Amino acid sequence: MVSSGTSSALNSEQDLASIPTAQGGLSRLAIARLKSAGVPVVPVLRRVGLTPEVIADPEERLSVRSQITLLEEAGIALQDDSLGFTLARDFDPRALGLLYYVMASSQTLGDALNRVARYSQTTNEALVVRYREGNRLIINLSYSGVPRHSDRHQIEFCMFAVLRICRVLTERNLVPQDFSIAHHRSEGTAEMSRFVGTKVEFGADTDEFALNPNTRELPVIHADHHLNDLLLKYCEAALKNRKRDKSQLRTRVENAISTLLPHGRALVEDVARDLRMSKRTLARRLSEDGLNFTKILHQLRHDLALRYLNDRQMHVSKIAWLLGFNDVSAFTHACKRWTGKTPSEMRRAALIKQNTGSIARRNSK
């Protein structure tokens with residue numbers, strides 16, 4: 001028989017084991033950016049719960065949630081609301097390590113994209129890359145074990161970095177047929193569109209871009225099948241040792257709701273269908289975890305409302321639509337229920353908090 005103390009310890013170990021981790025290369029790029037801009041990094045790391053020693057050790061993995069938070073804090077400190085894009089545009093692709101080299105030694109671009117789809121989770125356990133060939137080459141990104149709505153910078157880095165690597169590998173200025181990102185932006189997108197070569201659609205159903213099908217056969221400039229065979233063995237070993245996906249049901253439900261909200265279809269039966277289970281099965285499994293669908297929906301709307309209201313260019317009526325409310329009055333009523341404030345009052349409070357934080361950061365320099 002296992003004692004209650006031992007059982008609690010085992011549960012804690014299992015919880016820790018289920019947390020998706022990343023190699024942390026993107027976090028280290030952000031820290032390097034802070035240092036080059038003369039911004040003190042210790043206060044930023046302290047707000048995220050990380051230490052300089054962890055960042056300095058390239059073998060130390062970070063939780064994906066910590067990386068997402070670090071990028072958000074770094075973006076604020078740098079006053080760069082497009083930090084993920086900035087890093088993707090400027091970084092040395094070799095910083096990706098093994099994943100880059102297995103792509104760079106592949107024979108064709110199609111082979112390289114198949115490699116990144118198979119092995120991306122060895123670098124970031126939350127990142128799921130899907131590659132589909134047909135009338136178009138589709139590169140689709142999604143998250144497992146991490147709520148998609150919690151992130152902007154990491155997913156933007158990944159999207160733009162994959163496109164840039166495709167260009168580097170083929171020495172071609174590849175222009176996607178379309179390029180879409182699921183979260184919303186009201187400004188700062190023109191530079192991104194210039195980089196891509198076509199309009200970047202924000203607020204889309206998925207994070208993906210499509211290339212002309214003929215690009216599949218483009219040769220990779222530094223292809224080396226002997227090196228590729230060797231690196232594939234290392235990648236397969238790394239994939240085998242990676243933890244099994246233990247993403248929480250709540251996260252899966254949140255990610256499903258996020259795509260349905262703007263369409264006003266965030267109903268439990270629609271979410272259950274997306275998760276390939278019956279409405280009754282979803283309710284039972286949520287209940288087993290001490291959860292219920294309505295509370296998850298309300299909390300998600302609240303979290304997204306805070307993020308959208310921070311964007312002063314986004315009109316309240318648009319935010320109401322994005323959150324699946326029929327009109328502004330329904331959104332206002334929900335805000336009062338959550339915080340006791342109207343959307344305008346919430347926006348003013350967020351602005352005051354942001355200005356106070358900026359002053360504190362300047363004084364700490």
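In this predicted model, strand 7 covers residues 207–211 and is mostly tucked away, with 5 of its 5 residues buried. The side chains split between two directions: D207, F209 and L211 point one way from the strand, while E208 and A210 point the other way. Whichever way they point, these residues are all buried.

Strand 7 has partners to look at next. One of them is strand 4, made up of residues 137–143, which runs antiparallel to strand 7 and is joined to it by 5 bridges. Within this pairing, I138 sits opposite A210 of strand 7. Strand 5 is also linked to strand 7, here through 3 bridges, and again the two run antiparallel. In this case it is S180 that stands across from E208 in strand 7.

S180 is worth a closer look. This serine belongs to strand 5, which spans residues 178–181. Its relative accessible area comes to 7%, and because buried means under 20%, S180 counts as buried. Setting aside neighbours within four places in sequence, S180 touches M159, E201, A204, T206, D207 and E208. Two of those contacts, D207 and E208, bring the story back to strand 7, and E208 is also the residue that S180 faces across the strand pairing. T206 has a further link to S180: a polar atom of the S180 side chain lies 3.2 Å from the backbone oxygen of T206.

Notes. Residues numbered from 1 in each chain as written. Predicted model: local features only at pLDDT ≥ 70, side-chain atom pairs only at ≥ 80, totals over all residues. Heavy atoms only, no water. Helix = DSSP H or I, 4+ residues; strand = E, 2+ residues; numbered from the N terminus. Buried < 20%, exposed > 50% of the residue type's maximum accessible area, 1.4 Å probe, protein only. Polar contact = N/O pair within 3.5 Å; in protein donor to acceptor, adjacent residues only side chain to side chain. Contact = heavy atoms within 4.5 Å. Pairing = 2+ DSSP bridges.
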